[in-house]
Structure formats: C-alpha cells, structure tokens
Amino acid sequence: MNRRVRLSAALLACAIGLTACNPVLRTHGHRYTLGEEPNIQVDEDTRISVVQRLGTPSTSGTFEEDIWYYISSTRESLAYLRSSTRDRRILAIRFDPDGVVEEVLEYGLDDGRIVSYASRETPTRGRELSLIEQLLGNVGTLPNEQFGGEQNLPGGAGGPRRDQ
C-alpha cells in the first residue's frame, strides 16, 4: 500500500510539473483573426467606415495626423522564462485631407527593428539629504504669513503693497 501511495504521488507531481511547462499566449492590442484581411478599400472607405469596421485605432501618427495604426501582438511566456513576442501585426491606414483612405500598409514581426537607446542618466546637482534630514528638515521653521502678513500669491513678490 505504501508503495502505491508513493507511486501515485510521484505521478501526480510529474503531471503537475508538465502542465507548468505549457506556454501561455497573451494577445494585446487590436484583436484580429489570423489570415483575416482588413478589407479596407483605397479611394472608397472613409474615416467613419474604417472606425465602423475596425474600431478606434490603437494610435495615430505623431507628426502625420492622417495615419492611423492598428497594432496587435501575441506574447508567449513559458514558466519562469522571459516572455517573447511570437507575432505582431501593424495595420497602417493613411487618409487624404478629405478623410478618404489613400493607402493601406501592413507590417509584421519581420519588419520591426531593434532600437538601441542610451541608458545614461543625467546627474542632478544639489545636496543629497539623508533620511533624517528629509524628515526633520522643516522642524522649527515658521510660515512667512505669520511675520509679514504677505500671502503667497502667483508671481512671487507677495502681492501689492498695502501702505500705498
């Protein structure tokens, strides 16, 4: 009986361990079906018909406001390992000044580029305060309103003089 219990426990532990190795897929952004065509007609569809068909865009162009982007990505994570992007689809729709679709472009994961950035930090000048200095820094100081009768008004100088 003891051997059966140990064998069952070992098999149960192995089954639980194997289910932990199952990858988890997460879809972010605009939802679409694989192989689905956006079915946006150039020179026919307008901003309104695109919104009705695809919904609001994920983002629009920063410098060119006449471009809408629909972004979707699928990420795969496996147990404790770092998640990786499995699939990405970016649908870019450019409109002319009248709001009619001028161009439809589709980008995938292969079209992306890795952008390296400088991780340097800009140093801040000034005095670094200890924890005690930060906590007790204002102990013993009194507000200015109690001495001069001046209020802290916008613009600095405390407002107009009262003796004039």
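# Exercises on a predicted fold

Among contacts (heavy atoms within 4.5 Å) in the protein between residues at least 6 apart in sequence, 44% join residues at least 24 apart. This is a predicted model: local features need pLDDT of at least 70, side-chain atom pairs count only at pLDDT 80 or more, and totals for chains, interfaces and linings use all residues. Residues are numbered from 1 along each chain as its sequence is written, and side-chain values use heavy atoms, with hydrogens and water left out.

## Exercise 1. Confidence and layout

Find the order of helices and strands, and the elements with the lowest and highest mean pLDDT.

**Solution.**
1. Helices (H or I, at least four residues) and strands (E, at least two) are DSSP runs, numbered from the N terminus. The protein has four helices and five strands.
2. Along the sequence they run α-β-α-β-β-β-β-α-α.
3. pLDDT is the predictor's confidence in each residue, from 0 to 100. The protein averages 78, and 79% of the residues score at least 70.
4. By element, helix 4 has the lowest mean, 59. Strand 5 (residues 101-108) has the highest, 90.

## Exercise 2. The core

Which residues form the largest nonpolar core, and which element gives the largest share?

**Solution.**
1. Set the burial scale: buried is under 20% relative accessible area, exposed over 50%, partly exposed in between (1.4 Å probe, protein chains only). Buried residues make up 14% of the 164 residues.
2. A nonpolar core is a set of buried Ala, Val, Leu, Ile, Met, Phe, Trp, Tyr and Cys residues joined through side-chain atoms within 4.5 Å.
3. The largest one has nine residues: Ile40, Val50, Leu54, Trp68, Tyr70, Leu91, Ile93, Phe95 and Val101.
4. Helix 2 (47-54), strand 3 (67-77) and strand 4 (84-95) each give two or more residues to this core. Strand 4 supplies the largest share, three residues.
5. Take Leu91, a member of this core. Leaving aside neighbours within four places in sequence, Leu91 contacts Pro38, Leu54, Trp68, Tyr69, Tyr70, Val104, Leu105 and Glu106.

## Exercise 3. Salt bridges

Count the salt bridges, then say which parts of the chain the pairs Glu64–Arg94 and Arg89–Glu106 link.

**Solution.**
1. Side chains of opposite charge can pair when their charged atoms come close. The cut-off: a side-chain nitrogen of Lys or Arg within 4 Å of a carboxyl oxygen of Asp or Glu.
2. The structure holds four salt bridges.
3. Glu64 and Arg94 meet at 3.8 Å, N to O. Glu64 is in the loop between strand 2 (59-60) and strand 3, while Arg94 is in strand 4, 30 residues apart.
4. Glu64, Arg94 and Glu103 are linked in a network of salt bridges.
5. Arg89 pairs with Glu106, the closest N and O atoms being 2.7 Å apart. Arg89 lies in strand 4 and Glu106 in strand 5, so the pair ties together parts 17 residues apart in sequence.
6. Arg89 is buried at 9% relative accessibility. Glu106 is partly exposed at 44%.
7. Asp45 forms a salt bridge with Arg53, with closest N and O atoms 3.0 Å apart. Asp45 is buried at 8%, and Arg53 is partly exposed at 42%.

## Exercise 4. The surface

Which residues make the nonpolar surface patch of about 580 Å²?

**Solution.**
1. Patches are made of residues with over 30% relative accessible area and no salt bridge: like charges are joined within 9 Å, nonpolar side chains (Val, Leu, Ile, Met, Phe, Trp, Tyr) within 5 Å.
2. Accessible areas come from the Shrake-Rupley method with a 1.4 Å probe; for residues, only the protein chains shown count as cover. The protein exposes about 14300 Å², with carbon and sulfur atoms supplying 52%.
3. The patch consists of Leu131, Ile132, Leu135, Leu136 and Val139.
4. Val139 is in the loop between helix 3 (131-136) and helix 4 (145-148). Val139 counts as exposed because its relative accessibility is 61%.
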